[in-house]
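This report goes through the fold, the core and the surface of a single chain. Please keep the sequence and the structure at hand while reading.

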Amino acid sequence: VQLQASGGGLVQAGGSLRLSCAASGSIRRINVMGWYRQAPGKQRELVSSITSEGVTNDADSVKGRFTISIDNAKNAVYLQMNSLKPEDAAVYYCKADAINIWGIMLVYWGQGTLVTVSS
């Protein structure tokens, strides 16, 4: 299973970005997809996650600004980030809790995508 993330970039404070992540490969079912981020010198932290049923879990720091969505047919997850702040700058990683075709549930990570927010 591979996760391909895209959509990072440089944006001014107050601006918006949309991250996308698509899973491919030997997938039977994805249970949860989410976005994590890691800023320099900090631990990786949950930004937002969503189940295949659409139940979301957002970090307090992004509530009201970021919206996560999932497309089960495409095995894809999106993160709409609005009102970006300099403290949102980080490498954003996509994660999937998926059951592969052999019936084994594993955690998969995508490559990071860099989000830079200028003040």
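Which residues touch the most other members in the largest nonpolar core?

## Nonpolar core

In this predicted model, the residues in question are M33, W35, L79, M81 and Y92, which belong to a largest nonpolar core of 30 residues. Two or more residues of this core come from each of the elements β1 (2–6), β3 (17–24), β4 (27–38), β5 (45–51), β7 (66–71), β8 (76–81), β9 (90–100) and β11 (113–118). The largest share, five residues, is given by β9.

The surroundings of L79 can be described in detail: once its neighbours within four places in sequence are set aside, L79 is in contact with L17, R18, L19, W35, V47, S48, F66, T67, I68 and Y92. Two of these partners, W35 and Y92, are also listed with L79 among the core residues that touch the most other members.

## Fold and dimensions

The chain contains 11 strands and zero helices, so that along the sequence the pattern reads β-β-β-β-β-β-β-β-β-β-β. Of the contacts between residues at least 6 apart in sequence, 53% join residues that are at least 24 apart.

A compact globule of 119 residues would have a radius of gyration near 14 Å, and because the chain has 14 Å, the two values agree. Along the principal axes, the C-alpha atoms fill a box of roughly 50 × 25 × 20 Å.

## Burial, surface and charge

Buried residues account for 42% of the 119 residues, while the chain exposes about 6200 Å², of which carbon and sulfur atoms supply 50%. There are 11 positive and 8 negative side chains, and the centres of these two sets lie 4 Å apart.

Terms used:
Residues are numbered from 1 along each chain as its sequence is written. This is a predicted model: local features need pLDDT of at least 70, side-chain atom pairs count only at pLDDT 80 or more; totals for chains, interfaces and linings use all residues. Side-chain values use heavy atoms; hydrogens and water are left out. Helices (H or I, at least four residues) and strands (E, at least two) are DSSP runs, numbered from the N terminus. The radius of gyration is taken over C-alpha atoms; the globule rule is 2.2 Å times the number of residues to the power 0.38. Buried means under 20% relative accessible area, exposed over 50%, partly exposed in between (1.4 Å probe, protein chains only). Contact means heavy atoms within 4.5 Å. Accessible areas come from the Shrake-Rupley method with a 1.4 Å probe; for residues, only the protein chains shown count as cover. Lys and Arg count as positive and Asp and Glu as negative; His and the chain ends are not counted. The place of a charge is taken as NZ of Lys, CZ of Arg, CG of Asp or CD of Glu. A nonpolar core is a set of buried Ala, Val, Leu, Ile, Met, Phe, Trp, Tyr and Cys residues joined through side-chain atoms within 4.5 Å.
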